[in-house]
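Trainee: I have a new structure open and would like to learn how to read it. Could you walk me through it?

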Amino acid sequence: MKLNLKIWRQKDANAKGELVTYPIKGIEGDMSFLEMLDVLNEELINKGDEPVQFDHDCREGICGACSLQINGEPHGPDRLVTTCQLHMRKFNDGDTIVIEPFRATAFPVINDLIVDRSSFDRIQQAGGYISVNTSGNTVDANATPINKHAADEAMDAATCIGCGACVAACKNASAMLFTSAKVSQFALLPQGQVEAVDRVQNMVRQMDLEGFGNCTNTGACEIECPKGISLENIARMNREYLSATTKG
Amino acid sequence: MGILDSKVPKGPLAAKWTQHKNDINLVNPANKRNIDIIVVGTGLAGGSAAATLAELGYNVKTFCYQDSPRRAHSIAAQGGINAAKNYQGDGDSPYRLFYDTIKGGDYRSREANVYRLAEESANIIDQCVAQGVPFAREYGGMLDNRSFGGVLVSRTFYAKGQTGQQLLLGAYSAMNRQINRGKIQSFNRHEMMDMVLVDGKARGIIARDLVTGKIERHSAHAVVLATGGYGNVFFLSTNAMGSNVMAAWRAHRRGAFFANPCFTQIHPTCIPVSGDHQSKLTLMSESLRNDGRIWVPKRKDDAIAIREGKLKPIQLKEEDRDYYLERRYPAFGNLVPRDVASRAAKERCDAGFGVNKTGEAVYLDFASAIQRYGEEEALTHGIKNADDKEITRLGKKVVEAKYGNLFQMYEKIVDENPYETPMMIYPAVHYTMGGLWVDYNLQTTIEGCYCAGEANFSDHGANRLGASALMQGLADGYFVLPYTIGDYLSKDIRTGAIPTDSPEFDAAEKTVQDRLDKLMAGSGQHSVDFYHKKLGKIMWDKCGMARNAEHLQEAIDEISALRADFWANVKIPGKADGMNQELEKAGRVADFLELGELFAKDALTRNESCGGHFREEYQTAEGEALRDDENFKFVSAWEYKGEPKDAVLHKEELKYENIELKTRSYK
């Protein structure tokens, strides 16, 4: 395959970025999108140019490091995959592909295609945990039976990989899907009940402080989410939040 | 040999850990506030250790090269975590878990450490459930279990095929709680470049901020390394691309002995290599072997027809298939341990029965599981006279519930539907059992430098059973290290903060700067990946699933020459004073080029076959590994003396007081 890549290049957070065109050939369908970029980078290095920097690590779709806005969509045209699991067989010979970093005020660009997603960490630090000591002196795991349906639903919410596609897909750059996934996981489990009121308020407050926008029920986040995190979680977080604030 | 004191407590096996905890010194809570600890690596071992140490009251600084601790490679572990809970009532006990782990490791792990691991395993599950880890449940609300390779009981707890992810997110949330309390300072996108020793004790690290390129000094009273394994020495492995050996290797250069580098686990169920462009390999969870049957064609001409695309696997009749694991190992069948399953796949492919284009793949087939589950579902739902189509539909639903995300992942990568046609799998480098030598307290041969999880050597021997890596990471981090480190730190309560303007910090920073300058000054012939791929090929061809003396010697010579070429001719674009991913890679590959040689040297000195180390010269008539307990019942611990060829071997004799060493048999 021959492709025409238009890639966002930006030296650092303060530099002005621009789209640069790179023609590339010899791309095979079995390559992942990131392997295609590896091929480009090898060419650039051999020519004495600086390679394109992008975030990636596990390349198995689970660590959440990879990002990339590909032809305007987070993680590209395929559904339920991260960029590292997107394969070039989804593209056609001669295609032009525009590759940009995830865009959101709360995700400032660090370099080329790399953005700073530490705002997500700060939302978790505001309450995305259960305050139990890690000393091992707790009750037997089977002492509290958990309804299988609730456990499965909690698991579905817990599979969020924190990649930020939901934010990048949202016209308001809202982090509601991400935040609600964690709120839901704990709201569905008995262990999470004790702190539920504080948790949802603290996490929502931090989300707003970071500069994420509001949810207007567009649903793009759910469509672009590589893990299929459901909009139901946002509804659940709204209920949790409402109940927390009315309780005072 | 006197140098290696394992500090294993005296007394009966089952009482050692309890007794040790009663005997060691404690630090009073007021003094803990004056003690700083650095934790490098934030996966299961590092993240859980950091959270617990902070909770105890120490001041903790964590470092990881990823943008968030949540992305550590523990997140990719799929199958599960073992614990001797005996919830299933199938005869499990801490002793059995201990026994299976020692046997699975081919009697090359330390008895007391493994027993402690088995003892703590049940606590881990309780702890994680309390933290909100959504383990799989049965309809009655109780925790569900599955079985894994190398064992005859169901003791593996799991969260779909994403157990590592859920356990890591649990540890990460425990860390977040401590960050929120101000007890952990988390340095992300930072890499440890060197360790600083003051009066022979680990007193800090030199780190590089990967965004700004700035070299930083961080001091502490103790340093914990929990930086994972070194499987990326093979270039292609199931490890995350960034997983590296730098922190452990730099500690090795400062005096920490490196143990058993040649013990590498080759995992039997990975997606086969598809081409030269490949950057990494993807694992399919071992739990698939619970239901998947592994086979190749019985006749070579059928295998050839399949490779050429003239025959489809589903067209091959039952009697024309060779379920070679069930044939060779009737007692364990498809659930033999990883090293046994990997070698058996290699043997069939080498003999010409491989089923993909390159002849390096075998089938993992779910057809009979789909049939079996379908019939069961029809029965339990009172569906009478269900036809084949209905049974298949019902069966697929059950398989989807159990392994759906793995099947989806396979389909995305290979572009084939594993519900309709058998998966293709082949062994790949997965986990490294070697690592920094540690004593019973998890302290390395550098005082004050501790090592936990995959980065140390102690618990898995020559091979690792499935679902035991997560167990070790969390046991070390939550329950072992926070106790044992107190014994050491109790002597440091009057030391006060460690200054970073000492000559030792000056010297270490200069070493780091000089190394970076030298890397940037390469003549510019070849990229870093060029060297990494060459190293990987030498490692796979000559130190891979099977090794022999001749090839190992060749590997040593070739790696040594490649390393010289790397330092003279590597090409790193850009500058060192900002983000530079090529420079990061170069530093890591430079270390792999040293480790790879030590790896081959270690393999060459071990004239026996055991676990993941299969020496072709030492095998039985049936092609099974031939261990030599008389001469090799020891841990090789290598002391750094400059070039890897000069490394000095120290031996820790392994004492088995509670287990009789037997030939491993899974027949």
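Mentor: Happily; we will go through the fold of one chain, then the interface, then the salt bridges. Keep in mind that this is a predicted model.

Trainee: Let's begin with chain B. How many helices and strands are there in chain B?

Mentor: Chain B has 18 helices and 19 strands. Its radius of gyration is 25 Å, close to the 26 Å that the globule rule gives for 667 residues, so chain B is as compact as a globular protein of that length. If you follow the C-alpha trace along its principal axes, the spans are about 80 × 60 × 50 Å.

Trainee: What share of the residues of chain B count as buried?

Mentor: Of the 667 residues, 66% count as buried. Another useful figure concerns contacts in chain B with a separation of 6 or more: residues 24 or more positions apart account for 74% of them.

Trainee: Now the interface. How do people usually express its size?

Mentor: The size of an interface is often given as the accessible area lost when the parts come together. Here, the area buried between chain B and chain A is about 6200 Å², and carbon and sulfur atoms give 50% of that. B:Arg71, B:Arg137 and B:His277 supply 11% of the area that chain B buries against chain A, more than any other three residues. Counting residues instead, 78 of chain B are in contact with 73 of chain A.

Trainee: How many residue pairs are in polar contact across the interface of chain B and chain A?

Mentor: The rule finds 48 such pairs, with both residues at pLDDT 80 or more. Several helices of chain B each supply at least two residues of the side that touches chain A, including H3 (44–56), H5 (111–130) and H6 (163–180). H6(B) gives the most to that side, with 10 residues. By class, the side of chain B that touches chain A has 30 nonpolar, 31 polar and 17 charged residues.

Trainee: And which charged pairs should I look for?

Mentor: Seven salt bridges are found across the interface of chain B and chain A. In one example, B:Asp67 pairs with A:Arg117, the closest N and O atoms being 3.7 Å apart. In a second salt bridge, between B:Lys160 and A:Asp156, the closest N and O atoms are 3.0 Å apart. B:Lys160 lies in the loop between strand S4 (156–157) and H6 of chain B, while A:Asp156 is in helix H3 (residues 148–158) of chain A, so the pair joins two chains.

Trainee: Is B:Lys160 buried, exposed or partly exposed, and what is its relative accessible area?

Mentor: B:Lys160 is partly exposed, with a relative accessible area of 33%. A:Asp156 also counts as partly exposed, at 40%.

Trainee: What about a salt bridge inside chain B?

Mentor: Try B:Asp106 and B:Arg664, whose side chains meet at 3.3 Å, N to O. B:Asp106 lies in the loop between helix H4 (94–104) and H5, and B:Arg664 in the segment after strand S19 (648–653), so the pair ties together parts that are 558 residues apart in sequence. Buried means under 20% relative accessible area. By that cut-off B:Asp106 is buried at 3%, and B:Arg664 is buried at 14%.

Trainee: Which residues do salt bridges that share partners join into one network?

Mentor: The network contains B:Asp106, B:Arg108, B:Asp339, B:Arg343, B:Arg606, B:Glu608, B:Arg627, B:Asp629 and B:Arg664. For the wider picture, a search of the whole structure finds 73 salt bridges over all chains.

Technical notes
Residues are numbered from 1 along each chain as its sequence is written. Chains are lettered from A and ligands numbered from 1 in the order in which they are written. This is a predicted model: local features need pLDDT of at least 70, side-chain atom pairs count only at pLDDT 80 or more; totals for chains, interfaces and linings use all residues. Side-chain values use heavy atoms; hydrogens and water are left out. Contact means heavy atoms within 4.5 Å. Buried area is the accessible area (1.4 Å probe) that two parts lose on being put together, summed over both. A salt bridge is a side-chain nitrogen of Lys or Arg within 4 Å of a carboxyl oxygen of Asp or Glu. A polar contact is a pair of N or O atoms within 3.5 Å; within protein, one must be able to donate a hydrogen and the other to accept it, and residues adjacent in sequence count only if both atoms are side-chain atoms. Helices (H or I, at least four residues) and strands (E, at least two) are DSSP runs, numbered from the N terminus. Ala, Val, Leu, Ile, Met, Phe, Trp, Tyr, Cys and Pro count as nonpolar, Asp, Glu, Lys and Arg as charged, and the others, Gly among them, as polar. The radius of gyration is taken over C-alpha atoms; the globule rule is 2.2 Å times the number of residues to the power 0.38. Buried means under 20% relative accessible area, exposed over 50%, partly exposed in between (1.4 Å probe, protein chains only).
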